[in-house]
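Welcome! Open the structure in your viewer, and let's walk through it stop by stop.

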Amino acid sequence: MSLDWIYYAISWILLAWHGAWDAIGVPDAAVIGTTWSWILAIVFLVVTVRVILFPVFVKQIKSQRAMQALQPQVKALQEKHKGDRETLQKEMMELYRKEKANPLMGCLPMFLQIPVFLGLFHVLRRLDPANGGKTLYGWTVTQFESASAAKIFTAPIAGKFGSTAEELARLGANGTTVKVIAGILVLVMMGTTYLTSRQMILKTGWAEDPQQRMIQKLMLYGIPLSLLISGAIFPIGVIIYWVTNNLFTLGQQQWVLRKFPPPPSATSKPGTSARKPVQPTKTGGLLGRGKPAPQAPAKPVTPKVAGPKPGAKPANPKKGRPAKRQG
């Protein structure tokens, strides 16, 4: 299957944003060793894609909330069908279908961004001055030459950590500078990728379902570690895209998590509420925040002594009192 339509779409968005910044007056020449018109074009490529995918992201959050709410029922099914994996999977899928919860929805936004990532990777890899197909995917020769000369802190956006000496010579780049800039960006890419997954897990909690927990661990640790190796073949422009996308995700997740807060913890038993202990009433001070009001000392309670019944003789006559004489 040809992916040319993706390359044309990515090129069109990049060129449209570059043209917009050029019209505003952002220079094509490097300022502080950076060609801001092309860097901003990559940044706003992220913004364009994320705005398009925002409804999918909201559905992802709602699906995750539904999955969390079902955790007590999932745990009950696991206990009921322990040792019968086939029946367990069947019952769980029926539960998800009935409650309209999709376990795969958590990964859908990432999967939808893979074509964009591949398209940008292919387009930026083409930015080699020795490349003959400069007008592919709707580019003009002027636009192609401008993009191939674009830099961030003197490192070309088409360069990568693993660029050969010949590639660097064609790009007019210093190998040490490219490795330093690319290496720093790869570390930032790994860190922000980890933070986006950690932010979501801290807000939603670890899943009870073993498959969901495995996906969470893969997102939290596996993907950031894989970037340490794969980052060496990414053009610097692609790494800029990835870092920008992660920063956008951090802000977007924070907003959505506030708007759609996680449900109560699934570990709490149904029918119980975690009530805080009653605090003593505080008076005095600003808005009643002073010391507790002193309590009046309780009066000692005097024990009641039952009096003698009428006509009864005292059981123990008091000493020192003379006995009455018999008449």
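Start with the whole chain: of its 327 residues, 37% are buried (under 20% relative accessible area, with exposed meaning over 50% and partly exposed in between, using a 1.4 Å probe and protein chains only). This is a predicted model, in which local features need pLDDT of at least 70 and side-chain atom pairs count only at pLDDT 80 or more, while totals for chains, interfaces and linings use all residues. Residues are numbered from 1 along each chain as its sequence is written, and side-chain values use heavy atoms, leaving out hydrogens and water.

Now switch to a cartoon view. You will find ten helices and two strands (DSSP runs numbered from the N terminus: helices are H or I with at least four residues, strands E with at least two). From the N terminus, their order is α-α-α-α-α-α-β-β-α-α-α-α.

Next, select S11 in helix α1, residues 4-24. S11 counts as buried because its relative accessible area is 0%. Beyond the residues up to four places away in sequence, S11 touches V123, Y137 and W139 (contact means heavy atoms within 4.5 Å).

Keep W139 selected and add F234 and I236: these touch the most other members of the largest nonpolar core, which has 49 residues (a set of buried Ala, Val, Leu, Ile, Met, Phe, Trp, Tyr and Cys residues joined through side-chain atoms within 4.5 Å). Helix α2 (36-69) gives the most to this core, with eight residues.

For a last stop, select L70, V74, L77 and L95, which are among the nine residues of another core, lying apart from the largest one.
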